[in-house]
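This report looks at the surroundings of the ligands, the nonpolar core and the strand pairing of one model.

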Amino acid sequence: MVGEGILKGLAETARNFFGSYVSKERLTTVQYPEQRLPRIEAARSFPFLVYDGSDWQQGMRCVGCQICEKECPPKCILIEKSKDKKPDAVGKQQFYPAVFDIDISVCMSCQICVEVCPFDAIKMDVDVDLPTDNRFAGLLLDKQQLAKSNEYYHGIHPTEAAAVDAALAAERAKAQAKKPAAATPPAAPPSAAPVPEAQPVGGESK
Ligand code: SF4
Ligand code: SF4
């Protein structure tokens, strides 16, 4: 019949429209902020900086390489690299950001900074409760405001955070395995005492 498809489409639209008033699973809005929809793991709002352990300054994964700053399309990241170094997430001495600001009034949540970061140091938050009456300074977040723990990351993106932890653990194990090799003295003569069995090298996972 001519127009059957259109009628079917209209019927489906009407079913969804009226159903959204009576059927709980079809409700598309809630009384925010008293009510909230459950968080979706793939949701994203603005970036944050991940830190390991309990000290946000010591544990911050960012090494201030500035790749994200260069790649950010609207240029809303400002980084100043430190003069000194501290151990990074896998134990290497690295620079860190002396200044790391993001202007979230400009950020377009594209996630490019996350994609280009070689250190899994910046991830997308899901928090959208960021009201402020200060249009400028209130939306310019510094590194302390951006710093969030790895536990927080696991809470909002558990699958992704577990994969990152596994990759970092593998990198740490590799780095650990290299250390004794570099420090190993020349091989002992064949008559020397039996060599103790090698201990498995395990990366610490968070
Ligand atoms: S999400 Fe996009 S716009 Fe926002 S800071 Fe990252 S790269 Fe820049
Ligand atoms: S967040 Fe990542 S890409 Fe950006 S400066 Fe830090 S380590 Fe480099």
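The text below takes up the ligand shells, then the core, then the sheet. The model is predicted.

The residues around each ligand are set out in the table.

| Ligand | Residues around the ligand | Closest residues |
|---|---|---|
| ligand 1 | 14 residues | C72, C107, C110, I112 and C113 |
| ligand 2 | 13 residues | C62, C65, C68, C117 and I122 |

By class, 12 residues of the shell around ligand 1 are nonpolar and two are polar, with no charged residue. Around ligand 2 the shell holds 11 nonpolar and two polar residues, and again none is charged.

Two residues listed as closest to ligand 2, C62 and I122, also appear in the largest nonpolar core. That core has 27 residues, and L49, C62, I122 and L146 are the members that touch the most others. At least two residues of the core come from each of β1 (47-51), β5 (97-103), α6 (150-156) and α7 (158-183). The greatest contribution is that of β1, which gives four residues.

Leaving aside residues up to four places away in sequence, C62 is in contact with L49, Y96, P97, F100, F119, A121 and I122. In soluble globular proteins, nonpolar side chains tend to be buried together.

β5 also belongs to an open sheet of three strands, ordered β2-β5-β7 with antiparallel pairing. β2 (77-81) and β7 (140-141) are the edge strands, each pairing on one side only. The antiparallel strands β5 and β7 are joined by two bridges. L140 in β7 stands opposite D103.

Technical notes:
Residues are numbered from 1 along each chain as its sequence is written. Chains are lettered from A and ligands numbered from 1 in the order in which they are written. This is a predicted model: local features need pLDDT of at least 70, side-chain atom pairs count only at pLDDT 80 or more; totals for chains, interfaces and linings use all residues. A residue is near a molecule or strand if its C-beta atom, placed from the backbone, lies within 6 Å of it. Ala, Val, Leu, Ile, Met, Phe, Trp, Tyr, Cys and Pro count as nonpolar, Asp, Glu, Lys and Arg as charged, and the others, Gly among them, as polar. A nonpolar core is a set of buried Ala, Val, Leu, Ile, Met, Phe, Trp, Tyr and Cys residues joined through C-beta atoms within 7 Å. A residue is buried if 20 or more other C-beta atoms lie within 10 Å of its own, exposed if 12 or fewer, and partly exposed in between; C-beta atoms are placed from the backbone. Two residues are in contact if their C-beta atoms, placed from the backbone, lie within 7 Å. Two strands pair if DSSP finds at least two bridges between them.
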